[in-house]
Amino acid sequence: MFGYVTVGNNQMNEAEYSVFSSYYCGVCKATGKSSSQISRLGLSYDIAFLALVLSSFFEDGECIEENCIIHPFKKRKCVKNDNAVTYSAMAGVVLSYLKLKDDWNDDRSIKSLLGMAMLFRGAKKAKRFLKREYPVIEKQLEILSRYEKEHSSSLDDTAETFGKILECLFTPDFISDDKERRTLAWLGLNLGRWIYIIDAVNDFETDLKSGAYNPLVSMGYKSFDECVKNTELILTLSLDGIATAFELMDIKRNREVIAKIIYISLKEKQNFILHNKGKDKE
């Protein structure tokens, strides 16, 4: 379901894209160090975005150039010694593991079971690290699984349930200011709702044919065009909620990078899925 917060170097100048990449690399290395090397396979831009946003409230951490296994011959900028990066790395591991666990409980997928086994050691460390967040994510995924088994036709209920996962992750304990926690919670909730709904739209035609659960199929929509017509306003309102939260934040750094992701990258992703899907290839 994750993978919709995408960043293209055509959407930013070189310096801005380098900043985002440094957080992506930072989370990747923090995942390997704090959890396990195999856990790095579950890294996504969504988790790097979480690190970027949470880190923006502080001026600690450092950015250094290092080699890595994937890029052994050219050093790349990497954010190190940053609480938000370590936290986001752990959050990514927990999300990956619990999603596999949910798939195993629902479908008894051998692939999911093998994935759980590979991530078990890292997930155990992440669970200890995220003592508050882990049970919240687990509970919301259980509720979402129940909705899916019931073939719920409530897009609002299912999207809200997923949104609460990111609402929790965007309000870590190291953000103590009440105002900032409220704005981050609103950003996370709306981002989660947007991700869930855009994923449902993206999978609509496939799920309609296969019979797999999709709230938009359960709502009775028969065509992709009908689906788009009834979700575009909801998606845009979620993007507006994200933008409103962002404008209220008193962040210390990387404002332009975050702004371009919110105002350009997410909107372009939405427009591509709703209006250009099948016409072009990314």
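This is a short talk on aromatic pairs in one predicted model.

The search over the whole structure returned seven aromatic pairs. I will go through two of them.

The first one I will show is Phe 20 with Tyr 45. Their ring centres are 5.3 Å apart and the planes meet at 90°, an edge-to-face arrangement. In sequence the two residues are 25 apart, and the pair links distant parts of the chain: Phe 20 belongs to helix α1, residues 14-34, and Tyr 45 to helix α2, residues 45-55.

Now accessibility. Phe 20 has 1% relative accessibility, so it counts as buried, the cut-off being under 20%. Tyr 45 comes out at 26% and is therefore partly exposed. There is also a third ring here: Tyr 24 joins Phe 20 and Tyr 45 in one aromatic cluster.

Next, Phe 246 with Tyr 263. This pair is edge-to-face as well, with 6.2 Å centre to centre and 70° between the planes. The angle counts as edge-to-face because it is over 60 degrees. Again distant parts of the chain are linked: Phe 246 is in helix α10, residues 224-248, Tyr 263 is in helix α11, residues 255-276, and the separation is 17 residues.

What is the relative accessible area of Phe 246? The value is 2%, so Phe 246 is buried. Tyr 263, at 38% relative accessibility, counts as partly exposed.

Phe 246 has one further contact to mention. Arg 255 lies over the face of the Phe 246 ring, at 4.9 Å from the ring centre.

To recap, both pairs I showed are edge-to-face, and in each the Phe is buried while the Tyr is partly exposed.

Definitions and conventions: Residues are numbered from 1 along each chain as its sequence is written. This is a predicted model: local features need pLDDT of at least 70, side-chain atom pairs count only at pLDDT 80 or more; totals for chains, interfaces and linings use all residues. Side-chain values use heavy atoms; hydrogens and water are left out. Rings of Phe, Tyr and Trp (its six-membered ring) pair if their centres lie within 6.5 Å; planes under 30 degrees apart count as stacked, over 60 as edge-to-face and the rest as tilted. Helices (H or I, at least four residues) and strands (E, at least two) are DSSP runs, numbered from the N terminus. Buried means under 20% relative accessible area, exposed over 50%, partly exposed in between (1.4 Å probe, protein chains only). A charge sits over a ring if NZ of Lys or CZ of Arg is within 6 Å of the ring centre and within 35 degrees of the ring normal.
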